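Visitor: I am new to reading protein structures. Could you walk me through one, feature by feature?
Guide: Gladly. Let us put it on the screen.

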Amino acid sequence: MAASDETPMVQDLASTGFEEPPSRYLVHEQDRHGDLLAAGEMPEPIPLIDLSRLMDADEADKLRAALQTWGFFLATNHGIEDSLMDAMMSASREFFRQPSEEKQKCSNLVDGNGKHYQVEGYGSDKVVSEDHGLNWNDRLHLRVEPEDERNFAKWPSQPESFRPHSDGNLLTILFVDDDVGGLQVQRDGKWYNVPAKPHTLVINLGDCLEIMNNGIFRSPVHRVVTNTEKERLSLAMF
Ligand SMILES: O=C(O)CCC(=O)C(=O)O
Ligand SMILES: [Fe+2]
């Protein structure tokens, strides 16, 4: 189903200022579990893993422990040039800074009438029913691999509070704004802030991988909390 027929997009709302977010974005009373933004002190940090040292037993042990407890880790020495990461961030920022009409050219609503939602393109995340609240985010979703399945009709011609969930895939690789924060992970019923460092990837397991290893490694429940001061950009590879 279409995510949003008439409800304004998050970025448009944020730029015009508003008293109260439209009701579609509000989390129902019954779905609020305590303080929506709360984060606790971590029992131990989410580790930074040096991917070039994974053959060393100590680094591999660190990774194993992280996947059994947090389901998240940070990755350095991942082989992606800093300059390429910076270019990816600025291309994405440039896309989202364009006027609405420009972004709508890549809309994920086919025919623009809100009737046919498709995963690829720009818009709100999919919802399953009218009373399923909308995520507080705007997304540009592009299928990158395999290369011959890229749908260039949805690609920009110019370079260009999530709710709690676990990811359904194998692995999610995130590159997030390191000066905004907002990503939190749940462990034993408590919320913790996932740290972000410049040019460092944040990686979490998804449900398929948790199932494939019989639940030894975790697909963590996570969410992104809103920030009233700053806009936040994240690049996610699912
Ligand atoms: O923006 C983020 O840091 C995480 C996004 C996320 O959890 C998702 O898209 O599944
Ligand atoms: Fe996620």
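## Reading the model step by step

Guide: To read a binding site, begin with the residues around the ligand. Here 12 residues surround ligand 1, and the closest are Arg 139, His 165, His 222, Arg 232 and Ser 234. Please keep in mind that this is a predicted model.

Visitor: How do the residues of the shell around ligand 1 divide into nonpolar, polar and charged?
Guide: The shell holds six nonpolar, three polar and three charged residues. Two strands each supply at least two residues of it: β7 (171–176) and β11 (222–224).

Visitor: Which side chains have an N or O atom close to an oxygen atom of ligand 1?
Guide: A polar contact is read from the distance between two N or O atoms, with a cut-off of 3.5 Å. A side-chain N or O atom of Arg 139 lies 3.0 Å from an oxygen atom of ligand 1. For the side chain of His 165, the distance to a ligand oxygen is also 3.0 Å. Arg 232 places a polar side-chain atom 2.7 Å from an oxygen atom of ligand 1.

Visitor: How much of ligand 1 does the protein bury?
Guide: On its own, ligand 1 exposes 300 Å², and the protein buries 97% of that.

Visitor: Where is Arg 232 found?
Guide: Arg 232 belongs to the loop between β11 and β12 (234–237). With a relative accessible area of 24%, Arg 232 is partly exposed, because that label covers values between 20% and 50%. Sequence distance and spatial distance are separate things to read: Arg 232 and Val 176 are 56 residues apart along the chain, and their C-alpha atoms are separated by 8.0 Å.

Visitor: Now for the aromatic rings. How many aromatic pairs does a search of the whole structure find?
Guide: The search finds six. To read one, look at the distance between ring centres and the angle between planes. Phe 95 and Tyr 122 have ring centres 5.7 Å apart and planes at 75 degrees, so this pair is edge-to-face. The two partners come from distant parts of the chain, 27 residues apart: Phe 95 is in helix α3 (residues 82–97) and Tyr 122 in strand β5 (residues 121–123). Both residues, Phe 95 and Tyr 122, are buried.

Visitor: What kind of aromatic pair do Phe 96 and Tyr 122 form?
Guide: That one is tilted, with 6.3 Å from centre to centre and 55 degrees between the planes. Because Phe 96 lies in helix α3 and Tyr 122 in strand β5, the pair ties together parts that are 26 residues apart in sequence. Phe 96 and Tyr 122 are both buried. Put the pairs together and you get a cluster of Phe 95, Phe 96 and Tyr 122.

Visitor: Rings can also sit beneath a charge, I hear. Which ring does the charged end of Arg 187 sit over?
Guide: It is the ring of Trp 70, with the charged end of Arg 187 at 4.6 Å from the ring centre. Arg 223 likewise lies over the face of Trp 191, 4.0 Å from the ring centre.

Visitor: Is Arg 187 buried or exposed?
Guide: Arg 187 counts as buried, at 14% relative accessibility. Arg 187 is part of strand β8 (residues 183–187), and its side chain makes a polar contact of 2.5 Å with the side chain of Glu 44.

Visitor: What about the backbone? Which peptide bond is cis?
Guide: For this, read the omega angle. The bond from Glu 145 to Pro 146 is cis, with omega near -5 degrees. Pro 146 sits in the loop between β6 (139–141) and β7.

Visitor: And what is the value of phi of Asp 188?
Guide: Phi of Asp 188 is near 45 degrees, a positive value in a residue other than glycine. Asp 188 lies in the loop between β8 and β9 (190–193) and is exposed, with a relative accessible area of 74%. Asn 214 is another residue other than glycine with a positive phi, near 55 degrees. You will find Asn 214 in the loop between α5 (207–212) and β11, and at 72% relative accessibility Asn 214 counts as exposed.

Key
Residues numbered from 1 in each chain as written. Chains lettered and ligands numbered in written order. Predicted model: local features only at pLDDT ≥ 70, side-chain atom pairs only at ≥ 80, totals over all residues. Heavy atoms only, no water. Near = heavy atom within 4 Å. Polar contact = N/O pair within 3.5 Å; in protein donor to acceptor, adjacent residues only side chain to side chain. Areas by Shrake-Rupley, 256 points an atom, 1.4 Å probe, with all protein chains shown as cover. Helix = DSSP H or I, 4+ residues; strand = E, 2+ residues; numbered from the N terminus. Nonpolar A, V, L, I, M, F, W, Y, C, P; charged D, E, K, R; others polar. Phe/Tyr/Trp six-rings, centres within 6.5 Å; stacked < 30°, edge-to-face > 60°. Buried < 20%, exposed > 50% of the residue type's maximum accessible area, 1.4 Å probe, protein only. Lys NZ or Arg CZ within 6 Å of the ring centre and 35° of its normal.
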